[in-house]
Amino acid sequence: MTNSSSSFPDWHGTTILAVRKGGQTVIAGDGQVSMGQTVVKGNARKVRRLAGGKVVAGFAGATADAFTLIERLEAKLEQYPDQLARACVDLAKDWRTDRYLRKLEAMLLVADRDSIFTVTGVGDVLEPESGVAAIGSGGNFALAAGLALMDTDYAAEEVARRAMGIAARICVYTNGELTVEAV
(Lines give C-alpha, C1' and ligand atoms only; values in the text may rest on other atoms or scores of the structure.)
Protein backbone atom coordinates (compact mmCIF):
# COMPACT_ATOMS: atom_id res chain seq x y z
CA MET A 1 0.00 0.00 0.00
CA THR A 2 1.34 3.45 -0.86
CA ASN A 3 0.72 6.67 0.93
CA SER A 4 -0.49 9.05 -1.79
CA SER A 5 0.44 12.16 0.20
CA SER A 6 4.10 11.14 0.25
CA SER A 7 4.38 9.67 -3.24
CA PHE A 8 5.30 11.92 -6.11
CA PRO A 9 2.51 12.41 -8.65
CA ASP A 10 2.80 11.04 -12.18
CA TRP A 11 3.07 14.20 -14.32
CA HIS A 12 1.33 14.49 -17.66
CA GLY A 13 0.70 17.46 -19.84
CA THR A 14 3.79 19.53 -20.52
CA THR A 15 7.44 19.63 -21.43
CA ILE A 16 9.97 22.09 -20.02
CA LEU A 17 13.63 21.96 -21.05
CA ALA A 18 16.64 23.96 -19.82
CA VAL A 19 19.91 24.14 -21.75
CA ARG A 20 23.15 25.87 -20.69
CA LYS A 21 25.77 26.11 -23.42
CA GLY A 22 28.27 28.69 -24.64
CA GLY A 23 27.60 31.19 -21.84
CA GLN A 24 23.84 31.23 -22.44
CA THR A 25 21.07 29.53 -20.49
CA VAL A 26 17.68 28.91 -22.10
CA ILE A 27 14.42 27.47 -20.81
CA ALA A 28 11.85 26.34 -23.37
CA GLY A 29 8.31 25.20 -22.67
CA ASP A 30 5.57 23.88 -24.91
CA GLY A 31 2.14 25.49 -24.95
CA GLN A 32 -0.20 22.52 -24.66
CA VAL A 33 -2.69 22.30 -21.81
CA SER A 34 -4.46 18.96 -21.56
CA MET A 35 -7.35 17.79 -19.42
CA GLY A 36 -7.21 14.04 -19.58
CA GLN A 37 -7.07 13.14 -23.26
CA THR A 38 -8.37 16.51 -24.48
CA VAL A 39 -6.23 19.46 -25.55
CA VAL A 40 -7.92 22.56 -24.11
CA LYS A 41 -5.29 25.16 -25.02
CA GLY A 42 -2.35 25.16 -27.36
CA ASN A 43 -0.47 28.36 -26.58
CA ALA A 44 -0.07 28.57 -22.79
CA ARG A 45 3.03 30.31 -21.40
CA LYS A 46 4.69 27.94 -18.92
CA VAL A 47 8.00 29.82 -18.80
CA ARG A 48 8.37 33.07 -16.85
CA ARG A 49 11.08 35.65 -16.19
CA LEU A 50 11.77 36.47 -12.53
CA ALA A 51 14.11 38.68 -10.50
CA GLY A 52 14.14 41.52 -13.00
CA GLY A 53 14.89 39.14 -15.88
CA LYS A 54 17.94 37.52 -14.21
CA VAL A 55 16.11 34.23 -13.56
CA VAL A 56 13.84 32.12 -15.74
CA ALA A 57 11.44 29.49 -14.41
CA GLY A 58 9.34 26.87 -16.18
CA PHE A 59 6.68 24.74 -14.57
CA ALA A 60 4.92 21.43 -15.03
CA GLY A 61 1.87 20.26 -13.13
CA ALA A 62 -1.18 22.04 -11.79
CA THR A 63 -1.11 25.64 -13.02
CA ALA A 64 -2.48 27.30 -9.88
CA ASP A 65 -0.03 25.30 -7.78
CA ALA A 66 2.84 26.28 -10.06
CA PHE A 67 1.92 29.98 -9.86
CA THR A 68 1.88 29.71 -6.07
CA LEU A 69 5.37 28.21 -6.14
CA ILE A 70 6.66 30.82 -8.58
CA GLU A 71 5.35 33.59 -6.30
CA ARG A 72 7.12 31.95 -3.36
CA LEU A 73 10.31 31.63 -5.41
CA GLU A 74 10.12 35.33 -6.33
CA ALA A 75 9.90 36.18 -2.62
CA LYS A 76 12.93 33.97 -1.92
CA LEU A 77 14.86 35.67 -4.73
CA GLU A 78 14.06 39.06 -3.16
CA GLN A 79 15.24 37.72 0.20
CA TYR A 80 18.42 36.24 -1.32
CA PRO A 81 19.30 38.42 -4.35
CA ASP A 82 21.75 36.84 -6.82
CA GLN A 83 21.71 33.58 -4.81
CA LEU A 84 19.58 31.27 -6.93
CA ALA A 85 20.77 28.07 -5.25
CA ARG A 86 19.95 29.39 -1.78
CA ALA A 87 16.52 30.63 -2.92
CA CYS A 88 15.72 27.24 -4.48
CA VAL A 89 16.87 25.28 -1.43
CA ASP A 90 14.84 27.53 0.86
CA LEU A 91 11.77 27.11 -1.36
CA ALA A 92 12.20 23.31 -1.43
CA LYS A 93 12.55 23.27 2.37
CA ASP A 94 9.35 25.29 2.80
CA TRP A 95 7.57 23.21 0.17
CA ARG A 96 8.43 19.99 1.96
CA THR A 97 7.65 21.15 5.50
CA ASP A 98 4.71 23.55 5.14
CA ARG A 99 1.36 21.79 5.50
CA TYR A 100 -0.29 23.86 2.74
CA LEU A 101 2.61 23.83 0.28
CA ARG A 102 3.12 20.08 0.72
CA LYS A 103 -0.12 19.45 -1.17
CA LEU A 104 0.92 21.43 -4.25
CA GLU A 105 1.33 19.32 -7.38
CA ALA A 106 3.90 20.95 -9.64
CA MET A 107 7.59 20.97 -10.45
CA LEU A 108 9.86 23.86 -11.33
CA LEU A 109 12.86 24.17 -13.60
CA VAL A 110 14.74 27.32 -12.60
CA ALA A 111 17.83 28.88 -14.17
CA ASP A 112 20.05 31.91 -14.18
CA ARG A 113 23.09 32.61 -16.33
CA ASP A 114 25.26 30.13 -14.41
CA SER A 115 22.97 27.44 -12.98
CA ILE A 116 19.99 25.23 -13.68
CA PHE A 117 17.94 23.62 -10.88
CA THR A 118 15.06 21.18 -10.83
CA VAL A 119 12.98 21.89 -7.71
CA THR A 120 10.43 19.38 -6.43
CA GLY A 121 7.98 19.08 -3.58
CA VAL A 122 9.83 16.14 -2.07
CA GLY A 123 12.75 18.41 -1.20
CA ASP A 124 14.94 17.93 -4.25
CA VAL A 125 17.05 20.73 -5.69
CA LEU A 126 18.96 19.04 -8.48
CA GLU A 127 21.60 20.62 -10.71
CA PRO A 128 22.35 18.70 -13.92
CA GLU A 129 25.93 17.65 -14.64
CA SER A 130 25.49 18.03 -18.39
CA GLY A 131 23.94 21.49 -18.73
CA VAL A 132 20.57 19.99 -19.74
CA ALA A 133 17.52 19.34 -17.54
CA ALA A 134 13.86 18.64 -18.26
CA ILE A 135 10.55 18.09 -16.49
CA GLY A 136 7.05 17.11 -17.50
CA SER A 137 5.56 14.24 -19.41
CA GLY A 138 7.73 14.89 -22.46
CA GLY A 139 10.75 15.75 -20.33
CA ASN A 140 12.64 12.53 -20.91
CA PHE A 141 12.24 12.84 -24.68
CA ALA A 142 13.45 16.47 -24.64
CA LEU A 143 16.28 15.58 -22.26
CA ALA A 144 17.56 12.76 -24.47
CA ALA A 145 17.38 14.93 -27.58
CA GLY A 146 19.02 17.86 -25.79
CA LEU A 147 21.88 15.70 -24.55
CA ALA A 148 22.46 14.34 -28.06
CA LEU A 149 22.47 17.88 -29.51
CA MET A 150 24.96 19.28 -26.98
CA ASP A 151 27.89 17.96 -29.04
CA THR A 152 26.80 19.94 -32.12
CA ASP A 153 27.70 23.51 -33.10
CA TYR A 154 24.17 24.68 -32.22
CA ALA A 155 23.83 27.46 -29.64
CA ALA A 156 21.79 26.83 -26.48
CA GLU A 157 18.57 28.21 -27.93
CA GLU A 158 18.83 26.09 -31.09
CA VAL A 159 19.55 22.98 -29.02
CA ALA A 160 16.44 23.71 -26.93
CA ARG A 161 14.21 24.39 -29.96
CA ARG A 162 15.34 21.25 -31.80
CA ALA A 163 15.06 19.04 -28.71
CA MET A 164 11.58 20.35 -27.97
CA GLY A 165 10.62 19.67 -31.58
CA ILE A 166 11.70 16.07 -31.19
CA ALA A 167 9.75 15.73 -27.94
CA ALA A 168 6.64 17.20 -29.60
CA ARG A 169 6.81 14.51 -32.30
CA ILE A 170 6.95 11.74 -29.68
CA CYS A 171 4.88 12.88 -26.65
CA VAL A 172 1.13 13.38 -27.18
CA TYR A 173 1.09 15.82 -24.24
CA THR A 174 3.64 18.14 -25.90
CA ASN A 175 3.16 20.52 -28.83
CA GLY A 176 5.44 22.73 -30.92
CA GLU A 177 4.09 26.08 -29.68
CA LEU A 178 7.16 27.15 -27.70
CA THR A 179 7.93 29.84 -25.22
CA VAL A 180 11.69 30.31 -25.04
CA GLU A 181 13.41 32.62 -22.56
CA ALA A 182 17.18 33.14 -22.33
CA VAL A 183 19.42 34.62 -19.63
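This report describes the sheet, hairpins, helices and selected loop residues of a predicted model.

## The five-stranded sheet

An open sheet is formed by 5 strands in the order E5-E6-E7-E8-E9, and the pairing is antiparallel. Strand E5 (47–50) and strand E9 (125–126) occupy the edges; each has a single partner strand, so one side of each is left without a neighbour in the sheet.

Going along the sheet from E5, this strand is joined to E6 by 4 bridges in the antiparallel sense, with Val47 standing opposite Gly58 in E6. E6 is in turn joined to E7 by 6 bridges, again with the two strands running antiparallel; here Ala57 is opposite Val110 in E7. At the other end of the order, strand E8 (residues 116–119) pairs with E9 in the antiparallel sense over 2 bridges, and Val119 has Val125 of E9 as its bridge partner. E6 is mostly covered, since 6 of its 7 residues are buried.

## Hairpins and their turns

E5 and E6 form a hairpin with 4 residues between them. Ala51, found in the loop between E5 and E6, has a positive phi of about 50° although it is not a glycine. With a relative accessible area of 33%, Ala51 is partly exposed, because this value lies between the 20% and 50% limits.

A further hairpin is made by strand E3 (residues 33–35) and strand E4 (residues 38–41), which run antiparallel and are joined by 3 bridges. Ser34 has Val39 in E4 as its bridge partner. This hairpin has 2 residues between the strands, and Gly36 takes a positive phi near 65°.

## Helices H1 and H2

Helix H1 (residues 63–79) contains 17 residues and reaches 24 Å from its first C-alpha to its last, close to the 24 Å expected at 1.5 Å a residue. Its buried residues are Asp65, Ala66, Thr68, Leu69, Ile70, Leu73, Lys76 and Leu77. These buried residues pack against E5, E6, H2 and E7. H1 thus has contacts both with strands of the sheet and with another helix.

Helix H2 (residues 84–97) lies across strand E6 (55–61), strand E7 (106–111), E8 and E9, and runs at about 5° to E8. Within the range of H2, what is the burial state of Cys88? At 0% relative accessibility, Cys88 counts as buried.

The loop between H1 and H2 includes Asp82. Asp82 has a positive phi of about 60° although it is not a glycine. At 64% relative accessibility, Asp82 counts as exposed.

## Helix H4 and its surroundings

Helix H4 (residues 156–170) has 15 residues, which at 1.5 Å a residue should span 21 Å; the end C-alpha atoms are 21 Å apart, in agreement with that value. The buried residues of H4 are Ala156, Val159, Ala160, Ala163, Met164 and Ala167. They cover an arc of only 125° around the axis, so they lie on the same side of H4. Their cover includes strand E1 (15–21), strand E2 (24–29) and helix H3 (139–149).

Asp151 is located in the loop between H3 and H4 and counts as exposed, at 74% relative accessibility. Asp151 and Arg20 are 131 residues apart along the chain, and their C-alpha atoms are separated by 12 Å.

## Ser115 and the cysteines

Ser115 is found in the loop between E7 and E8. Is this loop residue, Ser115, buried or exposed? At 15% relative accessibility, Ser115 counts as buried, because this value is under the 20% limit. Leaving aside neighbours within four places in sequence, Ser115 is in contact with Arg20, Leu84, Val110 and Glu127. Of these contacts, Val110 is also the residue of E7 that stands opposite Ala57.

How many disulfides does a search of the whole structure find? The search finds 0 disulfides. Cys171 is buried, with a relative accessible area of 6%, and Cys88 is likewise buried, at 0%.

Conventions:
Residues are numbered from 1 along each chain as its sequence is written. This is a predicted model: local features need pLDDT of at least 70, side-chain atom pairs count only at pLDDT 80 or more; totals for chains, interfaces and linings use all residues. Side-chain values use heavy atoms; hydrogens and water are left out. Two strands pair if DSSP finds at least two bridges between them. Contact means heavy atoms within 4.5 Å. Axes are lines fitted to C-alpha atoms, for helices over the stretch in contact, and angles run from 0 to 180 degrees between N-to-C directions. The expected span of a helix is 1.5 Å times one less than its number of residues. Buried means under 20% relative accessible area, exposed over 50%, partly exposed in between (1.4 Å probe, protein chains only). A disulfide is a pair of cysteine sulfur atoms within 2.5 Å. The arc is that of the directions from the helix axis to the C-beta atoms.
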